[in-house]
Amino acid sequence: MEFIDLNWYNNGADNCVEGIAMIRNSIRNKLIVFLLAGTILPISTSIVMTYYFTKQNITRETLQTNSNLIYQGKTNIINYLNGIHQASLSVYNDIDFYEAIEAGAADYMSRNEIVRGLQSIANTAKDIQQVYLYIAETDKSYLWTQGNIFRNETTGPKFIPPVSRTEDVTLEPTHPSHLYGTSGFGPVPPAPAISLHRKVVNAVTMKNFGILSIDFNLGVLSSICEQLYKKGEEQLYIFDNQGRVVYGPGPVGTRIDEPWVTHLLSLSEPSGSFESDSEEFRGIQMYERMTTPYMEWTLVKRIPYDRLYSNARQLTEINTLILIGFLVVVISATLYISFRFTAPIKKLIGYIGKIQSGNMQVDIHVKGNDEFGILANRFRIMMQTINNLITQEYKLELANKTNQLKALQAQINPHFLYNSLQSIGTLALQHDAPKIYSLLSSLAKMMRYSMNTSVAVVPFDSEVKHVRSYMELQMQRFEHQLTVEYDIDADTLQVPVPKMILQPIVENYFKHGFDPGQNTGKLLIASSVAEDGRMEVTVADNGKGIAEEELQRLKARLGSPPEHPQEEDSIGLINVVSRLRLYYNHEADMRIEHHKPYGVKVTILMPLHMKENGEL
């Protein structure tokens, strides 16, 4: 039974935690990590992305370049084979040669024409090794090779070339060159060759006169193919439609039954590419179909991944070497910058430690005109200011006591006024003047309500009572020249509203709209719950009204915060709008408009509820 050393794991965990704490608690270490990460990560990412995109671009460019290359090779091969095919048509173009074949080489002259015709075909291209003619009518054969003619006019068996039953021309893929019945005494040793066999027929009666065969070596075909790939790094094959190798690195003329060849022959597209990831080959394979009336070959080029991505690897290796060089420079610069930048901070920490121990007269001195030097200078000035403030502590304490005394006196004055008014009211009752007592009580209520600055939000019922006290004084002043109508919805009485939003609007009527000399003033104060769920407060009068131009100017001022809060109109409508925005933001609104037939109507819309802190 094995025992696990838990101390080893614990020590490792403790070391990891300590390392993280050192980085977290040290600006110098953070700076080192940040600078290294800020350099290594971008460069590493750049290398990876460069390799990726280079790989993609190289693949795309390689496919395009090689596609064009093998297409050109396909064109050259077809042109070359068409030349051989055109040479075989001499049997029809040369009338004397054709008539000699038609006559079956029955006489001396016709036999000479056949020899001449074969010689003419053999001289058409330098790669033609042999030209063979079999005449079916008279069972004779003639072979021309390297300037020699071999006749077989005996009654023995003759070599009959393999031809298609349905096609006039058959292209036999790479094979050892035929002896054509020369009984082992062929003029040329067997060598890889390609044979084109053409039936010689009458164009009218379709009678078969014989077969013409042309053997040509792989010289020109090989020279064309060798320009399409790099030997030792890439592979190039030419297959016929049976999978036999016409040209390739392996044995020619044999059939390859490997899966990639089967897949290649099964593709229906005339050209394209596919990838292979087998143990035998890993890379891209590009192909082109070569189709003519007499053949159907496939040209395929195989490019290994190692060859395809070699440029990308070289670029990556160069970038990696550059990264290593940069890392050496960056690490050196990072260490220098980190120690250079954090040294002043270390000094400041030492000065702060001395101040913390009680030494308030520390001489703070840090060289430099950079941010650290400025920080040290400001810290020194701050300590001088603190020392000066300490010496002024008693003066400040005395000033605070004086301010507190003045605040106490300011609190006493309202109580003195309330008590004085109460005494005057009592004296009025003693002299049988209840109306005077009522007016003094209304004035006292107004003063008490307006001077109580400790409450900023009140029930709407308190606002209504305050306005009633105000209107009682105004109605006593103007007697029968003023009437007031209250239409207060009971559901709105307990709605919390900002203090002093109703009385300034009512007061605005007496300042600008009320003219007791013309007619009886009428004032409507109403409240209700609007359809949108907000409380609607309305103050309407029958005063002088307001000009349209002035109304539009006032609406514009109500739509934006006042620029000068100390102006006279700031205690009226604009003051009310400002406080509504303070409490309700954009949920509250004030509208001012003409009141038909004349007068002004002011409407306030505000939510029914507030949060505990006074915000909506």
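Visitor: Through how many residues does the hairpin join E9 to E10?

Guide: In general, strands of a sheet pair through backbone hydrogen bonds, either parallel or antiparallel. Here the hairpin that joins E9 to E10 does so through four residues. The two strands run antiparallel and are linked by seven bridges, with Gly272 opposite Tyr287 in E10. Strands (E, at least two residues) and helices (H or I, at least four) are DSSP runs numbered from the N terminus, and two strands pair if DSSP finds at least two bridges between them. This is a predicted model, in which local features need pLDDT of at least 70 and side-chain atom pairs count only at pLDDT 80 or more, while totals for chains, interfaces and linings use all residues. Residues are numbered from 1 along each chain as its sequence is written, and side-chain values use heavy atoms, with hydrogens and water left out.

Visitor: In what order do the five strands of the open sheet with E9 and E10 stand?

Guide: The order is E8-E7-E11-E10-E9, and the pairing is antiparallel. Strand E8 (245-247) and strand E9 (271-277) are at the edges with a single partner strand each, so one side of each has no neighbour in the sheet. From one strand to the next, the twist averages 30 degrees. At the E8 edge, strand E7 (residues 235-239) pairs with E8 in the antiparallel sense over two bridges, and Phe239 faces Val245 in E8.

Visitor: Which strands of this sheet does helix H6 touch?

Guide: Helix H6 (residues 219-226) packs on the sheet by touching E7 and E8, and its direction makes about 80 degrees with that of E8. Such angles run from 0 to 180 degrees between N-to-C directions, with axes fitted as lines to C-alpha atoms, for helices over the stretch in contact. Helix H7 (residues 259-266) lies across E7, E9, strand E10 (282-292) and strand E11 (295-304), and runs at about 130 degrees to E11.

Visitor: What is the strand order in the open sheet with mixed pairing?

Guide: That sheet of five strands has the order E13-E15-E16-E18-E17. Its edges are strand E13 (482-488) and strand E17 (589-594); each has a single partner strand, so one side of each is left without a neighbour. With direction ignored, neighbouring strands are turned by 10 degrees against each other on average. E16 and strand E18 (residues 600-606) run antiparallel and share six bridges, with Ala540 opposite Lys601 in E18. Helix H14 (residues 503-512) packs on this sheet, touching E13, strand E15 (521-529), E16, E17 and E18, and makes about 160 degrees with the direction of E15.

Visitor: Which residue takes a positive phi in the hairpin of E17 and E18?

Guide: It is Gly599, with phi near 115 degrees, in a hairpin that has five residues between the strands. E17 and E18 run antiparallel and are joined by six bridges, and Ile592 has Val602 as its bridge partner in E18.

Visitor: At what angle do the axes of H13 and H14 cross?

Guide: Two packed helices are described by the angle between their axes and the distance between the axes. The axes of helix H13 (residues 460-478) and H14 come within 10 Å and cross at roughly 20 degrees. The two are therefore roughly parallel (under 35 degrees; over 145 counts as roughly antiparallel, 65 to 115 as roughly perpendicular and the rest as oblique). Their crossing is right-handed (the near helix is turned clockwise from the far one by less than a right angle; anticlockwise is left-handed). Contact, meaning heavy atoms within 4.5 Å, involves Glu463, His466, Val467, Tyr470, Met471, Gln474 and Phe478 of H13 with Gln503, Val506, Glu507 and Phe510 of H14. These residues divide into six nonpolar, three polar and two charged. Ala, Val, Leu, Ile, Met, Phe, Trp, Tyr, Cys and Pro count as nonpolar, Asp, Glu, Lys and Arg as charged, and the others, Gly among them, as polar.

Visitor: What is the handedness of the crossing of H4 and H5?

Guide: It is left-handed. The axes of helix H4 (residues 95-102) and helix H5 (residues 108-122) come within 8 Å and cross at roughly 125 degrees, and the helices are therefore oblique to each other. In H4, Asp96, Phe97, Ala100 and Ile101 meet residues of H5 that include Ile114, Leu118 and Ile121. By class, this contact has six nonpolar, two polar and three charged residues.

Visitor: Where in the protein chain is confidence lowest?

Guide: The predictor gives each residue a confidence, pLDDT, from 0 to 100. The mean is lowest in helix H11 (residues 393-430), at 54, and highest in strand E16 (residues 535-541), at 93. Over residues 402-412 the pLDDT is below 50, and this stretch has zero contacts in the model beyond near neighbours in sequence. Residues 563-571 also stay under 50, with 10 contacts beyond four places in sequence. The protein chain averages 79, and 80% of the residues score at least 70.
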